[in-house]
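User: I'd like to learn how to read a metal site and a helix in a model like this one. Could you walk me through it?

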Amino acid sequence: MKEKALKIIPLGGLGEVGRNMMIYEYDHQILVVDAGLMFPENDMLGIDYIIPDITYLAQNRDKVKAVVITHGHEDHIGAISHLLEEIPAPVYATPLTRGLLEAKLARKGSGSKFSLNTVNAGESITVGDFKVEFFHVCHSIPDGVGLGITTPAGLVVHSGDYKFDHTPVDNWPSDYAKLAEFAERGVLALLADSTNAERPGWTPSERVVDAALDKVFREAPGRIIIASFASLISRIQQVANAAQHYNRKLALMGPSMVDNVKIARKLGYMDIPDELLVGIDEALGMKASEIAIMCTGSQGEPTSILGKLSVGPARGLEVREGDTIVLSSHAIPGNEENVYRTVNRLLERGANVIYEAIAPVHVSGHASQEEMKLLLHLTRPKYFIPIHGELRHLKQHAILGNLVGVPKENIAVLENGESIVFENGQMRKGDRVTSSYVFVDGSGVGDVDPEVMRERALLAQDGIVIVNIHLNRLNGRLQEDPEIITRGFVLVREAEPLMAEARRLITAAVNNTRGNLEHELHEVVSNFLYSETRRRPMIFINITK
Ligand SMILES: [Zn+2]
Ligand SMILES: [Zn+2]
């Protein structure tokens with residue numbers, strides 16, 4: 001009898017860092033793994049984040065049986081409400097991840113509407129023809145899992161984000177035994193995290209950060225302000241430990257950080273005594289040497305606490321001389337400029353700023369090359385598909401896979417939307433599905449299309465010029481001199497001769513118009529400004545009568 005095919009389709013996270021989403025499809029049943037967001041690149045102006053295109057899922061909504069989430073980072077859960085609003089399938093996650101999902105959905109006002117289910121690492125669920133085994137992996141957030149997905153077409157191992165840390169902060173190493181057991185059963189395909197595929201060696205243990213934090217706490221004369229991701233639960237625990245050791249109280253700033261700590265403490269994933277924590281107002285009244293503050297904004301995001309602190313006060317806190325500020329995270333690719341701008345501003349304010357480049361105040365939560373090879377050896381897959389990463393990471397991971405013995409023709413480097421099919425134990429490329437960028441801007445999803453993005457880029461590049469014309473209703477002549485307003489184009493004071501000449505040309509054009517005045521003026525102004533400045537601002541002609 002001919003076997004049915006297993007189809008695997010990445011909807012996000014391949015060829016980019018973020019918005020991870022993978023589709024497993026077998027016999028009219030779809031399992032979705034992760035629903036993440038991606039932070040915009042510098043040239044995507046005014047965009048809050050980008051989510052996967054779920055058109056394919058919407059077209060096949062009746063097939064979607066379950067959503068499984070590997071861990072609580074934004075690049076894996078950030079699009080959950082967008083997904084569930086469209087396709088309210090049951091969600092399965094470990095206790096901490098589930099708690100973070102719940103909080104996220106509650107913030108969107110849709111807390112209890114959806115079916116959230118808890119599965120512990122080591123347990124499994126059966127969804128239609130899929131059996132999904134959750135196995136523990138170390139990462140920079142507790143309670144992360146990889147998945148062993150058994151289908152009638154074979155066993156697929158999906159790594160999630162992982163590293164092989166022998167001394168993790170929560171003392172819970174990755175489940176090596178389970179991985180070896182998978183190999184015993186025979187792994188059809190391995191899909192594994194490629195984020196650090198360019199890094200040789202092993203990723204250092206999270207414990208390395210303890211020593212760096214210890215040094216900061218030992219030497220800091222005044223207040224200590226540590227910025228990180230709200231979801232870096234292990235890091236927050238490490239800071240709490242250091243604060244306790246050096247008799248400082250800890251204040252948390254940023255709603256997402258406060259929420260996440262509350263959830264993680266309640267579920268037993270953090271060990272922070274009540275008396276260690278103080279509110280920010282109380283902290284501000286204490287002696288500088290008795291306080292540590294942890295906040296969001298390690299990526300220099302302008303709306304975050306650290307972003308605000310770099311330009312002025314936030315919630316009554318103002319950076320001053322004697323403060324020690326630690327950026328405990330790695331700049332997401334594309335964000336480096338933001339991060340260093342923030343560092344410079346904080347230095348300008350007299351703070352001592354410590355960041356990854358000058359002290360090991362951060363280690364990666366992702367496997368390096370030797371760990372990737374170990375995972376391949378442990379699971380011994382027939383086929384290998386690198387996931388999570390830009391093309392360079394995926395390609396490098398493919399090379400590693402080949403190095404440890406997976407034949408080249410058994411390795412598939414895919415793009416988002418490109419499907420791969422397993423049938424009778426063989427792999428082949430399948431159809432393509434839609435997988436474009438979906439921009440989220442404020443609370444609107446998809447209101448911003450590439451055309452709007454192009455306009456924003458133009459505005460940012462060359463600014464804007466508005467020409468106000470007031471015509472006499474009877475004779476169509478100018479009622480008064482044309483008014484030219486510019487923003488971000490030229491320095492108004494220095495450009496007076498340029499503007500005077502522009503006004504002269506506009507007046508002439510009005511007097512000699514042959515019909516479409518708006519169009520003619522646009523042409524005249526645009527050509528003139530380009531010839532004088534070599535720049536193309538956006539031009540608006542505003543005619544009133
Ligand atoms: Zn992660
Ligand atoms: Zn990730």
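Analyst: Happy to! Donors are N, O and S atoms within 2.8 Å of the metal, and water is not among the atoms, so a site may look incomplete. Keep in mind that this is a predicted model.

User: Which protein donors does the zinc ion (ligand 2) have?

Analyst: Asp-75 (OD), His-76 (NE2) and Asp-161 (OD) serve as its protein donors, at 2.0 to 2.2 Å. Along the chain, the donors of this zinc ion (ligand 2) follow the spacing D-H-x84-D.

User: What does that spacing tie together?

Analyst: Asp-75 sits in helix 2 (residues 74-77), while Asp-161 is in the loop between strand 11 (154-158) and helix 5 (176-185), so the pair links parts that are 86 residues apart in sequence. Both Asp-75 and Asp-161 are buried.

User: Which residue coordinates both zinc ions, and how far apart are the ions?

Analyst: That is Asp-161, and the zinc ions (ligand 1 and ligand 2) are 3.4 Å apart.

User: Now the helix. How do I check the span of helix 7?

Analyst: Take 1.5 Å times one less than the number of residues. For the 13 residues of helix 7 (residues 233-245) that gives 18 Å, and the end C-alpha atoms are 19 Å apart, which agrees.

User: Is helix 7 mostly covered or mostly uncovered?

Analyst: Mostly covered: 10 of its 13 residues are buried, including Ile-233, Ile-236 and Val-239. The buried residues of helix 7 pack against helix 6 (207-219), helix 8 (255-266) and strands 13 (224-227), 14 (249-252) and 15 (291-295).

User: What comes just after helix 7?

Analyst: There, Asn-247 adopts a positive phi of about 55 degrees.

Definitions and conventions. Residues are numbered from 1 along each chain as its sequence is written. Chains are lettered from A and ligands numbered from 1 in the order in which they are written. This is a predicted model: local features need pLDDT of at least 70, side-chain atom pairs count only at pLDDT 80 or more; totals for chains, interfaces and linings use all residues. Side-chain values use heavy atoms; hydrogens and water are left out. Donors are N, O and S atoms within 2.8 Å of the metal (3.2 Å for Na, K and Ca); water is not among the atoms, so sites may look incomplete. Helices (H or I, at least four residues) and strands (E, at least two) are DSSP runs, numbered from the N terminus. Buried means under 20% relative accessible area, exposed over 50%, partly exposed in between (1.4 Å probe, protein chains only). Contact means heavy atoms within 4.5 Å.
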